[in-house]
Amino acid sequence: MYDPERGWSLSFSGCGFLGLYHIGATRCLSERAPHLLRDARMLFGASSGALHCVVCTAGIPLDLTLQILMELVRMAKRRNIGIFHPSFNISKYIRDNLCKYLPADIHKRISGKVCISLTRVSDGENVLVSDFHSKDEVVDALLCSCFIPVYCGLIPPTFRGVRYVDGGASDNMPLLDAKTTITVSPFYGEYDICPKTRSTNFLHVNISNFRLRICSENIHLLMRALYPPEPKVLGELCLRGYLDALRFLEETGICNRPQPFPELPPEDKESEVAGPCWENMSLESSLGPAATETGLEGAELLDRLGLSMLPWDKSILTWDKGILPWDKSILGTLSPTLTRALSRAVMDRGGYMSRICNFFPVKIMSYVMLPCTLPVESAVIFTQRLVAWLPDVPEDVRWMQQATSKISSRVMARLLPSARPQMPASGPKASPCKPDTAGTWRSPASVWTWVLSHGLSKRG
């Protein structure tokens, strides 16, 4: 919730591949109300939300961010079995790009400004980290916050020597004060910036401090968070985030009405296209400038957005004084910079080979040959990962032994009775467990051995 008197923070939920929604929402805030991002006390994030907070603070260009995310989506959909193919290594992809594009002083930029949600493996407790001493620590924290067990690997990564997993497992919407935090989520719910719907279904479920509306749309979005849709669909989701953020600005009074895109500086007019005027805007004119600027792909993107989303948006807001209905003319308020960047990002740059592989007969043949090709590819990839894992083998094996020992002890403690074992009647009675000089507890058997050894030594 926005509170200009007490200050405010922003919290971005974990949402997997749906993180493009955060990009659209943040782009709207940076263009329409830049003080919300500039003067925010803290940016909270879990999983993909944490990645988004760090990328925004680092100042990575919009075009580059969208291209990296779309390439990850194409990598997940390139193989026949998608994310289940052994070649899909999302953790390595994230680490390589973070190390390549984050500035060397990123730890100084985000310390005290960005708070990352982590889940400690040892006890399952949530940990919020906002103090970093190096770029490597930032990368490690982000990898831990995005690590989904089995999906990303079997051995959790470490941050400062402690094992952590996805922050969304314990707190998917991290915050300190709900009354002064602007929450952003691509799932249908009651958050400040999220898809809205007029529905008689008031059933919600609370998962990891994340309130989720029970509806078929959210079920579909949850599936798409782990298994991505086509890039064009994610581009539409990004534009949804922009419009949902614009709605939030209107409802809170920051923007009294949906304004056309602000006029660009004179030096940028040659490379940017200003948004159309709000007054006397028709459906054709609302789609025209953005479609002209982005080309055919962008026009299809906007057409898809207008057909699939805006009818539900129109049913949300009532015709009230100072609030205009959200119909298709609202598309004229979209940022040309965002639509153009999305148009370039969703374009398939695979060339002729990509087109040939997408032919239906070629796809059929690839599925037919899958039982022969998959074992060979799996063996090669397994060998490569094993070689890369060799430096970390001792530490990881030690951790697996400790984790196995803890799990075994807990299982045995629940299965076996806690009664004290009885000594045979013929033998001397052993004293109960007592701490030795070092302060550690000894079992009755160890006490009995101690008595015998000391008795024999005294006799000798």
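**Strand E3 and the largest pocket**

Reader: How many bridges join E3 to strand E6 (residues 162–166)?
Author: Happy to start there, with the note that this is a predicted model. E3 and E6 run antiparallel. One of the pairs matches Thr 119 with its partner Val 165 in E6. The number of bridges joining E3 to E6 is three.

Reader: Thanks! In which sense do strand E2 (residues 43–46) and E3 pair?
Author: Their pairing runs over four bridges. Among the bridge partners are Leu 43 and, in E3, Val 114. The sense in which E2 and E3 pair is parallel.

Reader: And which residue in E4 is the bridge partner of Ile 116?
Author: Strand E4 covers residues 126–129 and runs antiparallel to E3, with four bridges joining the two. Within that pairing, the E4 partner of Ile 116 is Val 129.

Reader: Which residue takes a positive phi in the hairpin of E3 and E4?
Author: A good spot to look at is the link in this hairpin, where five residues lie between the strands. One residue has a phi near 75°. That residue is Gly 124.

Reader: Why is strand E3 (residues 114–120) described as largely enclosed by the rest of the structure?
Author: Burial here means a relative accessible area under 20%. E3 has seven residues to test against that cut-off, and E3 is called largely enclosed because the number that are buried is six.

Reader: Now the largest pocket: which residues are the closest to its centre?
Author: This pocket holds about 1600 Å³ of space. Its lining has 38 residues. Those closest to the centre are Asn 89, Ser 91, Cys 152, Gly 153 and Arg 385.

Reader: Which helix gives the largest share of the lining of the largest pocket?
Author: Four helices each supply at least two lining residues: H5 (90–101), H7 (135–146), H15 (370–389) and H16 (393–415). The largest share is eight residues, and it comes from H15.

Reader: For setting up a probe, how many residues of that lining are charged?
Author: Sorting the lining of the largest pocket by residue type gives 21 nonpolar and eight polar residues. The charged ones number nine.

Reader: Zooming out, what percentage of the contacts in the chain with a separation of 6 or more is accounted for by residues 24 or more positions apart?
Author: The chain has 17 helices and nine strands, and 43% of its 460 residues are buried. Among contacts with a separation of 6 or more, the share from residues 24 or more positions apart is 72%.

Technical notes
Residues are numbered from 1 along each chain as its sequence is written. This is a predicted model: local features need pLDDT of at least 70, side-chain atom pairs count only at pLDDT 80 or more; totals for chains, interfaces and linings use all residues. Side-chain values use heavy atoms; hydrogens and water are left out. Buried means under 20% relative accessible area, exposed over 50%, partly exposed in between (1.4 Å probe, protein chains only). Two strands pair if DSSP finds at least two bridges between them. On a 1 Å grid over the protein atoms alone, a cavity is a set of points where a 1.4 Å probe fits but cannot get out, and a pocket is an open set with protein on both sides within 12 Å along at least five of seven lines; lining residues have an atom within 4 Å of a point. Grid points are joined across faces, edges and corners, and a volume is the space filled by probe spheres set on the points. Ala, Val, Leu, Ile, Met, Phe, Trp, Tyr, Cys and Pro count as nonpolar, Asp, Glu, Lys and Arg as charged, and the others, Gly among them, as polar. Contact means heavy atoms within 4.5 Å.
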